[in-house]
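The following exercises are to be worked with the sequence and the coordinates at hand. Each task is followed by a solution in steps.

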Amino acid sequence: MRIRRRRVCLIQIADHCLPDLTELFSGRLVLDTQTRADLLCPISGKRIALSPRELSVLAALPAQEWTDVIGLCGEGRVTPEEIDALLAKNALVSDAETPGMRNLRDAEARLTRIGWHDLAAVYHAFTRWSGIEGDEGRREHSEEAHRERLVEQVDLHGTPPGHFTTRDDALSRQRLPRAAFDDEFAQLLRARRTTRAYDTQAMLPIALFSQMLYASFGVQGSREFAPGLVALKKTSASGGGLHPLEAYPVVIRVEGLATGLYHYSAADHTLELLEALSETEARDIVSQFTIGQVYFAQAHACVIHVARFDRNYWKYREHAKAYKAVLMDSAHLSQTFYLMAAHLKLGAFYTAAINDGDIGLRLGLDPLVAAAVGLNGVGIADWSANPLHFEAEPYDPHAELASRPPVA
Amino acid sequence: MATQESARRLLQQLAEDDVFRARALLDPVGVSAEFGFTLDAAKLPVLGARLPSKADIVVDLEKLGERLTAAQGIVVFKA
């Protein structure tokens, strides 16, 4: 048998604070601090604990070529038992034709073929959530409760860094003229807001939902730049013009559409039903997908943003900025979605606090290839007074600046 | 394998869920294993397992908030 190191082999050495379970079940909570080295697996997203001895074995093995186990053990550098232990926890790769090893080798080859940057792959795997449920659905949402939580946060961490920064080293300071900002476009930008209360009895007209999808995710133009390489024009900017974000709508209450989980085919502006659901089931999965932010489940439809990393990395191979650029594509789309909703007098929201691992499983996605990165929602808003809605007072930058002392 | 996140989930359930607490007291080894902990049954109290009160665990969880890596609840800043 031959072995090699994992292709991506990032080790984190950290102090882990864990409860002593013997003490816990004796009625006392005592914490043990253990210093541990973990291999951060970019495939499973799990930590693989390593002893100092195992760490030294890995550090001496190449990843680009195979090493014969008999020869290695014959040199006395490592024992067969140590190799077996490392293989058993996938800290090493072997050429054995077992299903587990084949899967690991295939996944590593896929990661390389797709063009993942090492650090981005590890970050992607270790920020993937499954089964996370926050307390948003259980806690009180009154103005007072919200204020208390913020005060608690301030008690713990002090006040946040201020909204505004000024440069003490500025060479000069020139106040800009404030042009009128009240035309139709300005009003639309100002109307953008996050909505957390929807009319759950109303049906969203299909024409409005269709327009939301077309305006945000639809194709507005195309042009062939090279044989077989066609660039698309969409309403949002995209890193490298690749538009690697796919829309997966969860339809809850839209006239003329069955409730369920869909894929939006931008090529022909068509919805592909993947899973039929009852309204209750659809609201439940939106709540689960958004880690228990139950108010978002009141929306009439949601759109899961799924990033196709393989498409972006085709151009930006092992690129240090590529993962960030893909996430920003989702942000661009979200802003367009928000503005379109404001234009149609609809409520909208976006959240990145999602159980992306669970969404990927539900949609049958390989997380190395594609994964959910955010989720927009849209619906007929319930604008009645709601403490979850932000009602801002007008702000005049010149009036605020006038009250501030000039920079020395 | 036990992780800080699995430890946090175990403690949180022990702080909130009476049914889970009862199950943990009946089968401490099995419940510990569900969260990646290996517990030696021989080291448990002869008179049976005991747990800190829910309130005590909550207090400790709060104290440990800074030390245990966890998916914290979201503080909603409305926008």
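**Exercise 1. An aromatic pair in chain A**

W116(A) is buried, with a relative accessible area of 2%, where buried means under 20% relative accessible area, exposed over 50%, and partly exposed in between (1.4 Å probe, protein chains only). The model is predicted: local features need pLDDT of at least 70, side-chain atom pairs count only at pLDDT 80 or more, and totals for chains, interfaces and linings use all residues. Residues are numbered from 1 along each chain as its sequence is written, chains are lettered from A and ligands numbered from 1 in the order in which they are written, and side-chain values use heavy atoms, with hydrogens and water left out.

Task: Determine how W116(A) and F309(A) are arranged as an aromatic pair, and where each lies in the chain.

Solution.
1. Apply the criterion: rings of Phe, Tyr and Trp (its six-membered ring) pair if their centres lie within 6.5 Å; planes under 30 degrees apart count as stacked, over 60 as edge-to-face and the rest as tilted. The count over all chains is 10 aromatic pairs.
2. The rings of W116(A) and F309(A) are 4.9 Å apart, centre to centre, with 45 degrees between the planes, and the pair is tilted.
3. W116(A) belongs to the loop between α5 (99-114) and α6 (118-126) of chain A, while F309(A) belongs to helix α11 (residues 309-315) of chain A; the two are 193 residues apart, and the pair links distant parts of the chain. Helices (H or I, at least four residues) and strands (E, at least two) are DSSP runs, numbered from the N terminus.
4. F309(A) is also buried, at 0% relative accessibility.
5. One aromatic cluster is formed by W116(A), Y123(A), F309(A), Y313(A) and Y323(A).

**Exercise 2. Salt bridges in chain A**

Task: Describe the salt bridges that R53(A) and R283(A) form, with the location of each partner.

Solution.
1. A salt bridge requires a side-chain nitrogen of Lys or Arg within 4 Å of a carboxyl oxygen of Asp or Glu. Over all chains the rule gives 21 salt bridges.
2. R53(A) pairs with E82(A), and their closest N and O atoms are 2.8 Å apart. This pair links distant parts of the chain, since R53(A) is in helix α2 (residues 52-59) of chain A and E82(A) is in helix α4 (residues 80-88) of chain A, 29 residues apart.
3. R53(A) is partly exposed, with a relative accessible area of 37%.
4. R283(A) meets E279(A) in a salt bridge of 2.9 Å, N to O. Because these two residues are 4 residues apart in helix α10 (residues 279-289) of chain A, they are separated by about one helical turn.
5. R283(A) is buried, with a relative accessible area of 15%, whereas E279(A) is partly exposed, at 28%.

**Exercise 3. Arginine in two roles**

Task: State which residues R4(A) is linked with in a network of salt bridges, and over the face of which residue R4(A) lies.

Solution.
1. R4(A), R6(A) and E108(A) are linked in a network of salt bridges.
2. A charge sits over a ring if NZ of Lys or CZ of Arg is within 6 Å of the ring centre and within 35 degrees of the ring normal.
3. R4(A) lies over the face of W66(A), at 5.3 Å from the ring centre.
4. R192(A) lies over the face of Y338(A), at 5.0 Å from the ring centre.

**Exercise 4. Chain B and its contact with chain A**

Task: Give the secondary structure of chain B and describe its interface with chain A.

Solution.
1. Chain B has 4 helices and 0 strands, in the pattern α-α-α-α along the sequence.
2. Of the 79 residues in chain B, 35% are buried.
3. The contact (heavy atoms within 4.5 Å) takes 34 residues from chain B and 40 residues from chain A.
4. The size of an interface is often given as the accessible area lost when the parts come together. Buried area is the accessible area (1.4 Å probe) that two parts lose on being put together, summed over both. Between chain B and chain A this area is about 3100 Å², and carbon and sulfur atoms give 68% of it.
5. The rule finds 0 salt bridges across the interface of chain B and chain A.
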